[in-house]
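Dear colleague,

I am passing on a structure for you to look through at your own pace. Please open it first, and then read the notes that follow beside it.

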Amino acid sequence: MDLVVCIKRVPDSAARIKVGADGKSIDPGGVDFVISPYDEMALERALQIKEEKGGTVTVVCLGPAEAGKEIRQALAMGADKALHLKDAGGGRGPLGVAKLLAEAVGGLPHDAVLFGRQAIDSDNGAVGVLVAGLLGLPCVTLCTKIDLDAGKGTVHRESEAGTEVIEVKLPAVFTAQRGLAEPRYPSIKGIMMAKKKPIDERDVPPPSGRLQVEKLEPPAERKGGRKVADAKELARLLREEAKVI
Amino acid sequence: MGSVCAFLESAKGKLKKSCAEVMGEGRRLAGELGGSLDAVILGKGATALAGDAAALGADRVLVGDADHLANFTIDGFIRPLAKAVAASSPRLVLMAASVAGKDLAPALAAATKGALLADVTAISAKGGTVRVTKPVYAGKALSTLAASSELVIATLRPNVFRPAAPEPGRKAPVEVVETGKSAAEIRTVVREVLAKASEKLDLTEADIIVSGGRGLKGPENWHLVEDLAEAVGGVVGASRAVVDAGWRPHSEQVGQTGKTVSPKLYIAIAISGAIQHLAGMRTSKCIVAINIDPEAPIFKVADYGIVGDAFEICPLLASELKRVIGV
């Protein structure tokens with residue numbers, strides 16, 4: 001079973017986000033970067049499947065040179081090799097990102113391609129489905145369970161209707177939802193071995209510019225902090241002042 | 001070429017609540033673009049909903065109705081949607097940023113090479129450029145994006161846009177969309193649906209959410225949250241700490257690695273307010289916090305806070321809310 005997992009380098013969910021001097025991107029000062037949590041769940045499940053069935057796990061990452069750190073982390077967790085699409089920046093929309101990833105994934109052996117449900121920075125939740133569409137592969141999003149057998153995947157998908165049990169022919173694309181797998185910590189041995197694993201680095205062309213980030217700004221501050229004496233007063237305020245019930 | 005095409009989602013034989021929001025915004029944007037507003041409805045039994053789409057302001061309704069569209073699948077829905085969009089030839093396709101919309105919009109972008117703007121909270125089309133505001137980093141920042149593509153596909157965050165008021169009896173021409181051949185072409189087959197979710201709304205669409213945190217000490221105390229939700233007709237949510245501890249399912253998690261919500265009323269019970277939780281609910285219209293710790297960060301964003309023991313306050317608040325709602 002040859003598995004490909006696409007990962008993204010993002011600010012940690014505990015990070016405070018400050019707007020940078022350009023007014024269009026974040027100030028990376030003091031921010032810890034990590035593998036996007038849902039991508040990490042996808043990677044963990046891919047590693048488990050490899051341990052159960054044999055095969056390979058290849059990590060693909062579109063990101064700046066600094067993303068080498070997150071790629072090493074993925075290799076230390078147990079991925080076999082990596083492809084780093086080095087992005088000099090400039091901002092790409094989901095379609096621009098997906099085109100580059102689809103081209104890269106298309107050139108690798110893949111019985112299944114795994115993504116996180118969304119990257120926790122841009123919050124589009126689109127790239128997995130886009131890559132599937134561009135490669136002509138079936139796609140199941142929001143997977144909380146993924147089992148792969150010869151030529152067939154059986155997955156649980158969390159939808160509004162409940163948990164859907166879905167069968168899909170491989171190769172296919174899956175996106176990970178919380179609950180799929182709890183990412184492991186790399187072992188010391190894993191960290192040592194990761195240093196010797198191959199990373200294929202490629203430069204990518206600049207973005208098309210069809211989608212422009214014009215501005216990044218902090219959200220409006222909430223004027224919170226008002227204290228209410230008791231439940232009775234609160235119920236009255238919600239009814240008469242806030243008019244929300 | 002200045003028209004807007006709105007994809008309308010249905011469930012249990014009715015248009016979903018978000019459809020009025022999509023149509024309200026669709027009508028406004030069609031005005032800015034100087035074009036008309038088409039609505040697309042797909043699903044088994046979709047034909048019966050064409051009148052409802054007309055009532056919400058559609059100038060034309062495109063319907064794809066077939067047995068193999070009974071369950072939502074990307075494979076099943078993308079073909080008729082792409083056909084409908086080709087027939088409509090819009091500048092802008094709109095749909096709700098719902099579970100299905102988040103699947104369909106990127107699938108449509110892959111099929112049409114249109115630019116995708118996901119989960120937007122404001123949108124304009126003045127001067128022909130589609131410009132949106134979109135929360136990023138789970139709402140810790142807002143991004144303004146401009147798309148110059150010929151075709152733009154945008155998903156609208158539920159509960160943000162002003163819904164269209166239905167005009168009963170309003171009529172619009174209905175056209176049939178080819179739905180593809182059969183279920184055999186759908187490569188993802190839904191074998192069954194387990195643990196059917198309650199009849200309640202999904203968190204992202206709920207008007208009122210009551211969430212509980214670790215201060216409730218254990219899953220056995222969750223009735224405090226549920227009773228309060230029941231009293232105000234709300235949906236139950238949870239903090240990450242509670243989900244990580246296994247007290248509640250991850251589908252109820254509100255926050256940066258859970259669901260991002262903007263209900264009319266968000267009640268946080270015994271939730272301290274970690275950055276990643278605040279990111280997921282800070283756009284709620286009214287926030288209430290109940291916490292024993294007066295220094296809890298949740299109070300900084302709460303419109304109304306009560307410092308005190310949730311175990312005492314919740315039952316009192318439930319009965320007080322029932323009383324005032326009953327008035």
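**Where the chains meet**

In this model, which is predicted, α6(A) passes α9(B) in a right-handed crossing. To find the two helices, look for residues 231-240 of chain A, which form α6, and residues 310-326 of chain B, which form α9. Their axes lie 8 Å apart, and the helices pack at an angle of about 40 degrees, which means that α6(A) is oblique to α9(B).

Which residues of α6(A) and α9(B) meet? From α6(A) come Ala231(A), Lys232(A), Leu234(A), Ala235(A), Arg236(A) and Arg239(A), and on α9(B) they meet Ile313(B), Leu316(B), Leu317(B), Glu320(B), Leu321(B) and Val324(B). Sorted by class, this contact of α6(A) with α9(B) has eight nonpolar and four charged residues, with no polar ones.

The two chains also come together through their strands: strand β9 of chain A, residues 162-169, pairs with strand β13 of chain B, residues 188-194, in the antiparallel sense and over six bridges. If you would like one pair to look for, Glu167(A) has Val189(B) as its bridge partner in β13(B).

Taking the contact between the chains as a whole, 67 residues come from chain A and 75 residues from chain B. On the side of chain B that touches chain A, the largest share, nine residues, is supplied by helix α4 of chain B, which covers residues 99-112. By class, that side of chain B has 44 nonpolar, 17 charged and 14 polar residues.

With best wishes

Key. Residues numbered from 1 in each chain as written. Chains lettered and ligands numbered in written order. Predicted model: local features only at pLDDT ≥ 70, side-chain atom pairs only at ≥ 80, totals over all residues. Axes fitted to C-alpha atoms, helices over the stretch in contact; angles between N-to-C directions. Helix = DSSP H or I, 4+ residues; strand = E, 2+ residues; numbered from the N terminus. Parallel < 35°, antiparallel > 145°, perpendicular 65-115°, else oblique. Left-handed = near helix turned anticlockwise from the far one by under 90°. Contact = placed C-beta atoms within 7 Å. Nonpolar A, V, L, I, M, F, W, Y, C, P; charged D, E, K, R; others polar. Pairing = 2+ DSSP bridges.
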